[in-house]
Amino acid sequence: MTTILVIVPDGGMLFEAAGIVDILMQANQLLPGNPQSSPYQVAVATTQSHRVVHGISGLNLLADHRLCDLDPTEPRDTIIITGKGLTEEEGSSVVNWLKNAAPHARRVVSICGGAMLLAQAGLLNGRHATTHWRLLDTLQAKFPQVKVERGPMYVQDGEVWTSGGVSSGFDLTLALVEDDHGFSVARNVAQNLVMFLRRPGGQAQYSRYLLNHASDGPIRELQAWLPENLTGDLSVEGLAGRVAMSPRNFTRVFTRETGITPAKYVEEVRLNAARQLLEQTTQGVEQIAVTTGFGGGLNLRRVFERNLQLTPTEYRERFCSRVLA
């Protein structure tokens, strides 16, 4: 019997925990045994002083246990933490429990922002890991000893598994089932639940790069000008001349005020514009490449594959407006 404890902090999306448990129970139905000796025995614990987990949607979940009542030194196969919680106090209580529990578990798993708690507990030091795309920079900045992976839906490094945002926890759970019981069982679970066993592409296809805006001044004015002038001369020299700076000083000031280099910023603005056109228009890839300043379809494809791990055509198939589909 494989004992799994799912820790659910307050104020999150409850379908994460519910979906994980449903996937594991679906695996039980496909494996030999009976309900009294199920291959997976799953318990849900809340971080609260009561057993009710309040979801961000207003729905509630009745947990099996309060985390504070559970002995962290009890042997467990897998511990899964589905988020980072709403308060530092809540997060700290989970971190302290995990520090004591991790040595007694075969696997420790985080979903979405739960990676922040694993990092705080020191469980990600020197390991490859991921989290929700909005938290990747924060994870890397706060815990530089973590080898942050930006693309994958989930990452396994030894006995520690981490996943990206929200539903990528389902991808990870299917991977756990495959790791435990083989390909055929995991495939059948995925097919029964109408899911990908391995979802095409990585987490990056769902992300939007969060471009920082400079404070009032020439850099802020340049940022406002850029989206309407994507086919112009957006080289460092051209942009520096527009704000009457030397290229060297411009690069230094721009990077300081926005957090990224001018070249990377221009690429992101152009990429966001191309994504919007693929989502909302029927323009061809070549036309979009020209309109957004990439010059040609080959350049656009290279940028998409490098940043999003899929082609422009694949992106359109997955994310275009329902009216255009």
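## Thr82, helix α1 and its partners

Leaving aside residues up to four places away in sequence, Thr82 touches Val6, Ile7, Val8, Pro9, Glu16, Ala17, Ile20 and Ile111. The model is a predicted one. Thr82 lies in the loop that runs between β6 (76-81) and α2 (88-101). Its relative accessibility is 6%, and because buried means under 20%, Thr82 counts as buried.

Among the residues that Thr82 touches are Glu16 and Ile20, and these two also take part in the contact of α1 with α5. Two packed helices are described by the angle between their axes and the distance between the axes. For helix α1 (residues 14-30) and helix α5 (residues 168-181), the angle is about 25° and the axes are 9 Å apart. An angle under 35 degrees counts as roughly parallel, so α1 is roughly parallel to α5. The crossing of α1 past α5 is right-handed. On the α1 side, the contact is made by Phe15, Glu16, Gly19, Ile20, Ile23, Leu24 and Ala27. On the α5 side, Gly169, Phe170, Thr173, Leu174 and Val177 meet them. Sorted by type, the residues of this contact are 8 nonpolar, 3 polar and 1 charged.

Helix α5 itself is mostly covered, with 10 of its 14 residues buried. The buried residues are Ser168, Gly169, Phe170, Asp171, Leu172, Thr173, Leu174, Ala175, Leu176 and Val177. Gly169, Phe170, Thr173, Leu174 and Val177 of this set have already appeared as the residues of α5 that meet α1. The length of α5 can be checked too: at 1.5 Å a residue, its 14 residues should span 20 Å, and the end C-alpha atoms are 20 Å apart, so the two values agree. Just after α5 comes Gly182, with a positive phi of about 95°.

Helix α6 (183-192) is another partner of α1. The axes of α1 and α6 come within 9 Å and cross at roughly 120°. That angle makes α1 oblique to α6. This crossing, too, is right-handed. Here α1 contributes Ile23, Gln26, Ala27 and Leu30, while α6 contributes Val185, Asn188, Val189 and Asn192. The residues of the contact divide into 5 nonpolar and 3 polar, with no charged residue. Ile23 and Ala27 of α1 are listed in the contact with α6 and also in the contact with α5.

The chain continues from α6 into the loop that leads to α7 (218-225). Val194 is placed in this loop. Most residues other than glycine have a negative phi. Val194, which is not a glycine, has a positive phi near 55°. With 76% relative accessibility, Val194 counts as exposed. Gly217 is found in the loop between α6 and α7 as well, and at 22% relative accessibility it counts as partly exposed. Gly217 and Arg76 are 141 residues apart in sequence, and their C-alpha atoms are 57 Å apart in space.

Ala244 is found in the loop between α8 (236-242) and α9 (247-258). Ala244 is not a glycine, yet its phi is positive, at about 60°. Its relative accessibility of 72% is over the 50% cut-off, so Ala244 counts as exposed.

Terms used:
Residues are numbered from 1 along each chain as its sequence is written. This is a predicted model: local features need pLDDT of at least 70, side-chain atom pairs count only at pLDDT 80 or more; totals for chains, interfaces and linings use all residues. Side-chain values use heavy atoms; hydrogens and water are left out. Axes are lines fitted to C-alpha atoms, for helices over the stretch in contact, and angles run from 0 to 180 degrees between N-to-C directions. Helices (H or I, at least four residues) and strands (E, at least two) are DSSP runs, numbered from the N terminus. Angles under 35 degrees count as roughly parallel, over 145 as roughly antiparallel, 65 to 115 as roughly perpendicular and the rest as oblique. A crossing is left-handed if the near helix is turned anticlockwise from the far one by less than a right angle, and right-handed if clockwise. Contact means heavy atoms within 4.5 Å. Ala, Val, Leu, Ile, Met, Phe, Trp, Tyr, Cys and Pro count as nonpolar, Asp, Glu, Lys and Arg as charged, and the others, Gly among them, as polar. The expected span of a helix is 1.5 Å times one less than its number of residues. Buried means under 20% relative accessible area, exposed over 50%, partly exposed in between (1.4 Å probe, protein chains only).
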